[in-house]
Amino acid sequence: MATIDAEVDNDVVGVDKCVVEGIVNEILTSDDGDRPVLQVAKFQPVGGASAKRHKLWLTDGSRWVYAMSAEKMHALLQEGGDFAPGCLVRLLKYSINDMAGRKIVILIDLEVAAGPRPLIGAPTAYPSGESLPSDAVGPAPRRGQKRPRAEGTFAEAVLASVTCPISHSLVVRPVLAEDGKCYEREHIERWLRKKKSSPLTNKSMGTHLTDHADGRGLVSSAIENGLV
């Protein structure tokens, strides 16, 4: 099987190209020793927080297909470990079921082949041609291109929390003032030398400032993820 490559930790790992159609039509089967590698574009528990089955959107870079995990895979499919949206998985044991006229891949066993990365290709569903859900893993931004920052999104809120209200720029040396807000140290110190009030509320405020280590982490994360 041909692969679409992606470089991770100096090892070249890739999804197996154009295998979704073969899996769905049972041309490729685990009983025959076929172990295709696909990307997890999205996954979610089925049946609430206590659910032990998951629904997955698996893609080969050209096509995607719905999959359902067996209960015994519950421990593996817990986000936070090796398994996460965008990771590559090798299907070790699987079958096909017809559910309400739609063929679903039943996952009995798999292993994580590589960690998360942006969406590979621009896959559409097989055979319907529909797009992936809007909350699936997205493609990597083009060089020099910023990720969209829709007003009111979580990303917007994070950026606002580490933007100095005085300079309106991301903080470099973030501190928390007595009003509970994050400021650039230089700007809030200059402000408090002249006024003993909050720049945001104009209410009386002391001069005690606390180093905001979490703020530095949020800024670094925002830059690494292309939010600014």
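**Close-up views of a predicted model**

**View 1. Antiparallel pairing of strands S9 and S11.** Strand S9 (residues 174-176) pairs with S11 in the antiparallel sense over two bridges; strands (E, at least two residues) and helices (H or I, at least four) are DSSP runs numbered from the N terminus, and two strands pair if DSSP finds at least two bridges between them. Leu176 lies opposite Thr210 of S11. This is a predicted model, in which local features need pLDDT of at least 70 and side-chain atom pairs count only at pLDDT 80 or more, while totals for chains, interfaces and linings use all residues. Residues are numbered from 1 along each chain as its sequence is written, and side-chain values use heavy atoms, with hydrogens and water left out.

**View 2. The open sheet S10-S9-S11 and helix H3.** Three strands form this open sheet, in the order S10-S9-S11, with antiparallel pairing. Strands S10 (182-184) and S11 (210-211) stand at the edges with a single partner strand each, so one side of each is left without a neighbour in the sheet. Helix H3 (residues 185-194) packs on the sheet and touches S9, S10 and S11; contact means heavy atoms within 4.5 Å. The direction of H3 makes about 90 degrees with that of S10 (axes are lines fitted to C-alpha atoms, for helices over the stretch in contact; angles run from 0 to 180 degrees between N-to-C directions).

**View 3. Surroundings of Ile23.** Leaving aside neighbours within four places in sequence, Ile23 is in contact with Leu28, Pro36, Leu38, Leu91, Tyr94, Ile96 and Val105.
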